[in-house]
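Me: Could you take a close look at one part of this model for me, namely the charged side chains that pair up within helices?

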Amino acid sequence: MGAALARHFLTAGDRVVVIGRSRAKFDALCSAAGDPSTAERAEFIAADLSLLADSRRVVAHLTARFEQIDALVLAASFIRTRRHMTTEGHEASWALFFLSKYILVTGLAEQLRASDRPIVVNTSVPGANADAIDFDDPELTRGFTFGKSNAQQRRANELLGIPATRTNPDLSYATWGPARLVRSSFAGDVGIGMKLAATILAPLLGQQPADAVRPLIDLIDN
């Protein structure tokens, strides 16, 4: 879905910065655009956003390079059904799905504030229970389950809207998830059941990424 968004806004003539782990995917995206000006308006930052040092490096790069950011889309994903520690000593899902987003949202606050109509779109499905976060053990060192981890990340990302908008009342902050399955790659370390479901059901019932992100495009443009 991130690639579909990048394609749309590059085609619209906007400047787009893509943060990810695969330079090859970015190069393919630019080639598919078929517009010579794309190379001038597209930039790639290689980063593993499950590492806090990489997230901070991305913020440092963007703040040094850009005075203004109109839209920040938080869409990095790698599904893990089991607890995994990063080389920095953090639980990987918590680091990727919340800590990196906190660093990006707070670290880029000045650039977002410089925009007339700034928006943060966080692809974290809304609707988690209010008590989903274990504030005494946010990295779930005890009793980790995929369901508990997922709910905690979602609730934390809802709450991230509070510090995001507290110092910038002009900022729009939205948590969003697609209404149904999307035909896209399924990155993650998951069980055979989830892999089979994604492989079989997505082609049958899923929508194309370009259709799935249409609500996000409308949010950003409006």
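Reply: Here's a walk through those pairs, one helix at a time.

Quick housekeeping: this is a predicted model, where local features need pLDDT of at least 70 and side-chain atom pairs count only at pLDDT 80 or more, while totals for chains, interfaces and linings use all residues. Residues are numbered from 1 along each chain as its sequence is written, and side-chain values use heavy atoms, with hydrogens and water left out.

Searching the whole structure turns up 7 salt bridges (a side-chain nitrogen of Lys or Arg within 4 Å of a carboxyl oxygen of Asp or Glu). One of them joins D54 to R57, at 3.5 Å from N to O. Both sit in helix α4, 3 residues apart, or about one turn (helices are DSSP runs of H or I, at least four residues, numbered from the N terminus). D54 is buried at 17% relative accessible area, whereas R57 is partly exposed at 40% (buried is under 20%, exposed over 50%, partly exposed in between, with a 1.4 Å probe and protein chains only).

Next up is helix α6 (residues 109-113), where R113 and E110 are also 3 residues apart. Their closest N and O atoms are 2.5 Å apart. R113 counts as partly exposed at 31%, and E110 as exposed at 54%.

Then there's helix α11 (residues 214-221), with R214 and D218 spaced 4 residues apart, about one turn. Their salt bridge comes in at 3.3 Å, N to O. Both ends are partly exposed: R214 at 39% and D218 at 40%.

Technical notes. Helices (H or I, at least four residues) and strands (E, at least two) are DSSP runs, numbered from the N terminus.
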